[in-house]
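Welcome, and please take a moment to look over the model below. We will visit a pocket, then a loop, then a strand.

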Amino acid sequence: MCIRDRCVVRPSLLDGAGGYGAWWLRAVARSPIQVIPTGATGQIAALTAGDLGDAYAVLAAAPDLDRSDKDGKESWRDVELGGVTEYSYSEYLDLLREDYRISSSAIAEVTIPNHPEDNAKRECWLFTKEVIAGGTGGWLDAWLTAQAHKQPWRVWVPDAATRLGAHVCDLFHATPFSYGHWILLQRNNVPSPNRLPELLGRQPTPICREASVAPTVEIAKQRQRAL
């Protein structure tokens, strides 16, 4: 399938700000009611859209996709990419929900509720909310994020009902869920081997923002103290 200047790239599930499917998954993760297909036992190794873009850039600039066998390394002609951790669908929803718990708690640290009329201080609050919370910023995102602090009620749906629901979604295009997604949820969607760390020269960016929230909050606090 490959020709001289091309390669096949197979990424696992993508997560990124502004992505329609990613927003839906994060909405489901924060929802007070989560509908989980019983047969969704396949593993996923989600990666960020930014990491995938960096990997594409490295491949595009590679002088030799074949790399021959002179250095004993595998070719870049066919690569599979993903995050370093594998999750089931329900575990991935748990991860995203915890992400919002951490994020919203961090936002609370720099909220200035007593000065809504102070534009400069309000700017600091909006800066923190935009950088840490992500999402569309509308009332629905705010409500869903508030639900993330509560224990969700999970409804486990039999495979037959899930398949029927997938066909209905295909018919009306109401959600990103489709029959194709239902097939994917039943199978492993993980790279073997995972070439992403090799391409990036580092570990992939974690989906959960736990590692990146603290520096962002500190930046916001510094701006707050400077006001």
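The lining of the largest pocket has 21 nonpolar residues, 9 polar ones and no charged residues. The structure is a predicted model, and its largest pocket holds about 790 Å³ of space. In total, 30 residues line this pocket, with Leu 25, Tyr 89, Phe 177, His 181 and Leu 185 nearest its centre. Several elements each supply at least two residues of that lining, namely helices H1 (20-30), H3 (89-109), H6 (159-172) and H7 (179-185), together with strand E3 (33-37).

Next comes a stop on a loop. Ser 75 sits between helix H2 (49-61) and strand E5 (78-81). Is Ser 75 buried or exposed? Its relative accessibility is 25%, so Ser 75 counts as partly exposed. Leaving aside residues up to four places away in sequence, Ser 75 touches Leu 65, Asp 66 and Arg 195. Two distances help to place Ser 75:

| From | To | Distance |
|---|---|---|
| Ser 75, C-alpha atom | Cys 7, C-alpha atom | 9.5 Å |
| Ser 75, polar side-chain atom | Arg 77, backbone nitrogen | 2.9 Å |

Along the chain, Ser 75 and Cys 7 are 68 residues apart.

Now follow the chain into strand E5. Which way do its side chains point? They alternate: Val 79 and Leu 81 point to one face and are buried, whereas Asp 78 and Glu 80 point to the other face and are not buried. In a regular strand, side chains alternate between the two faces of the sheet. Strand E5 also has a partner, as 4 bridges join E5 to strand E1 (residues 8-11), and the two run parallel. Within this pairing, Glu 80 in E5 is the bridge partner of Arg 10.

How values were computed:
Residues numbered from 1 in each chain as written. Predicted model: local features only at pLDDT ≥ 70, side-chain atom pairs only at ≥ 80, totals over all residues. Heavy atoms only, no water. 1 Å grid on protein atoms, 1.4 Å probe; cavity = no way out; pocket = protein on both sides within 12 Å on 5 of 7 lines; lining within 4 Å. Points joined across faces, edges and corners; volume = space filled by probe spheres on them. Nonpolar A, V, L, I, M, F, W, Y, C, P; charged D, E, K, R; others polar. Buried < 20%, exposed > 50% of the residue type's maximum accessible area, 1.4 Å probe, protein only. Contact = heavy atoms within 4.5 Å. Polar contact = N/O pair within 3.5 Å; in protein donor to acceptor, adjacent residues only side chain to side chain. Pairing = 2+ DSSP bridges.
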